[in-house]
Amino acid sequence: MIFVTGGAGFIGANFVLDWIEQTGEPVVNIDKLTYAGNLQNLSSLQGDARHRFVQADIGDSAVLAALLAEYRPRAVVNFAAESHVDRSIHGPEDFIQTNVVGTFRLLEAVRQYWQALNAPEKEVFRFLHVSTDEVYGTLAPSDPAFTEEHNYEPNSPYSASKAASDHLVRAWHHTYGLPVLTTNCSNNYGPLHFPEKLIPLMIVNALAGKPLPVYGDGMQVRDWLYVRDHCSAIRRVLEAGKLGDTYNVGGWNEKANIDIVRTVCGLLDEMRPREDGKSYAEQITYVTDRPGHDRRYAIDARKLERELGWKPAETFETGIRKTVQWYLDNPQWVANVQSGAYREWVQKQYAPQ
Ligand code: NAD
């Protein structure tokens, strides 16, 4: 039995589904169900005894202690976070509360639980913290990709809060000996991605005949990984990672945002042509850039590949095609997540230039 926090969100839900498919080991899924948490993501597990959902905040020490005592997990995988950079610029408070204070409370609850385990249980226990490449800051076009040795230079309230959480995890290992592992992954894409993020936003807006908002000149470079490949990396690190170490996770897929948008438009042109026969690329609209927008992220994943033998299963071409197909096949999921509150947020965000 393992605990997953934030398992109703994009990556967490993909991880829970992947974990149960691949290992069959039961999961207790602890999620606060913020705007980003969606139990519909887990509907295929309804009635499956291997998945137990608990609505709770990782900042709630009493609930965490009670759950740990009741279920006695052999590992905790922490996905729970506020995750959207734009929201962190408009309202950083929630990011500090969940990503910093929440991670601290979770670490404390887990430490107390772990310290009370008997020797064999203590030996196998793991706390895996899921983090981002954004903690490393931004790269110039000719810089080498981020390795695990790169300085932490976070630039947004989101990345600063994640950097703080990574440091807490590191300190709980060095100070208390808590058996921790940290993964720093590049941008994920795939099914169940909330349509405030670039790829699902473009697919959903294109199909709705709306503008496709591209920040600034669209030349910001991100490194993309299919979400199920991130899940397989986390499974591998949990299984064989060296305690206290961090592992960068990425698929060597650097792309400029505008190229991503053009690729999505090209796939939609082929898979669901516009009625007027024109390309979805006609809907591209440049909007004011995000303040402090990092220019380039790129992940060097050689440590994970070399030491743990991990490799992604998808190329960008196969993963993006699967993703577009999933959104075409699941219009009801899209309709359900587009609540009134979500629409207001997107309208406020993407004012045309
Ligand atoms: P998400 O926003 O889709 O999901 C976050 C989940 O956490 C939601 O289900 C939400 O309800 C839950 N949550 C938020 N605050 C909580 C709290 N206080 N207590 C319990 N649950 C809470 O995010 P995501 O994209 O799935 O990212 C998951 C993790 O992976 C995050 O830690 C993020 O920093 C990290 N990450 C994301 C990416 C990416 O490209 N999306 C890349 C690298 C790392």
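**Why these labels?**

Modeller: Among the elements that cover the buried residues of helix α7 are β7, β8 (212-215), α9 (257-271), α11 and α12 (331-337). The model is a predicted one, in which local features need pLDDT of at least 70 and side-chain atom pairs count only at pLDDT 80 or more, while totals for chains, interfaces and linings use all residues. Residues are numbered from 1 along each chain as its sequence is written.

Colleague: What makes a run of residues a helix or a strand here, and why is α7 called mostly covered?

Modeller: The elements are DSSP runs numbered from the N terminus, helices being H or I over at least four residues and strands E over at least two. A residue is buried if 20 or more other C-beta atoms, placed from the backbone, lie within 10 Å of its own, exposed if 12 or fewer do, and partly exposed in between. In α7 (residues 198-207), nine of the ten residues are buried, and these are L198, I199, P200, L201, M202, I203, V204, N205 and A206. After α7 comes G209, with a positive phi near 75°.

Colleague: Which residues does M202 touch, and what makes M202 and V264 stand out in the largest nonpolar core?

Modeller: Contact requires C-beta atoms, placed from the backbone, within 7 Å of each other. Leaving out residues up to four places away in sequence, M202 touches L212, V261 and V264. A nonpolar core is a set of buried Ala, Val, Leu, Ile, Met, Phe, Trp, Tyr and Cys residues joined through C-beta atoms within 7 Å. The largest such core has 84 residues, of which M202 and V264 touch the most other members. In soluble globular proteins, nonpolar side chains tend to be buried together.

Colleague: Why is A81 called buried, and L33 and W326 something else?

Modeller: A81 has 27 C-beta neighbours inside 10 Å and therefore counts as buried. L33, with 14 such neighbours, counts as partly exposed, and W326, with 16, is likewise partly exposed. A81 is in the loop between β4 (75-78) and α3 (85-90), L33 in the loop between β2 (27-31) and β3 (51-55), and W326 in helix α11 (residues 316-329). Apart from residues up to four places away in sequence, A81 touches G6, T98, N99 and K162.

Colleague: What is notable about the phi of L33 and of L192?

Modeller: Most residues other than glycine have a negative phi. L33 has a positive phi near 60°, and L192 has a positive phi near 70°. L192 lies in the loop between β7 and α7, and because 22 other C-beta atoms lie within 10 Å, L192 is buried.

Colleague: How do you know how β7, β9 and β11 are arranged?

Modeller: Two strands pair if DSSP finds at least two bridges between them. β7 and β9 (residues 221-226) run parallel and are joined by three bridges, whereas β9 and β11 pair in the antiparallel sense, again over three bridges. The result is an open sheet of three strands in the order β7-β9-β11, with mixed pairing. Its edge strands, each paired on one side only, are β7 (187-189) and β11 (254-256). N188 has L225 of β9 as its bridge partner, Y189 stands opposite Y226 in β9, and D223 stands opposite E254 in β11. Five of the six residues of β9 are buried, and this strand is mostly covered.

Colleague: What is the span of α4 set against, and where does α4 bend?

Modeller: The expected span is 1.5 Å times one less than the number of residues. With 23 residues, α4 (residues 93-115) reaches 32 Å from its first C-alpha to its last, close to the 33 Å expected. The bend at a residue is the angle between axes fitted to the seven residues ending there and the seven starting there, and at G102 α4 bends by about 30°. The buried residues of α4 include F95, T98, N99, G102 and T103.

Colleague: How does α6 compare with its expected span?

Modeller: Helix α6 (residues 157-176) has 20 residues and reaches 28 Å from its first C-alpha to its last, close to the 28 Å expected. G177, with a positive phi near 80°, follows α6.

Conventions:
Two residues are in contact if their C-beta atoms, placed from the backbone, lie within 7 Å.
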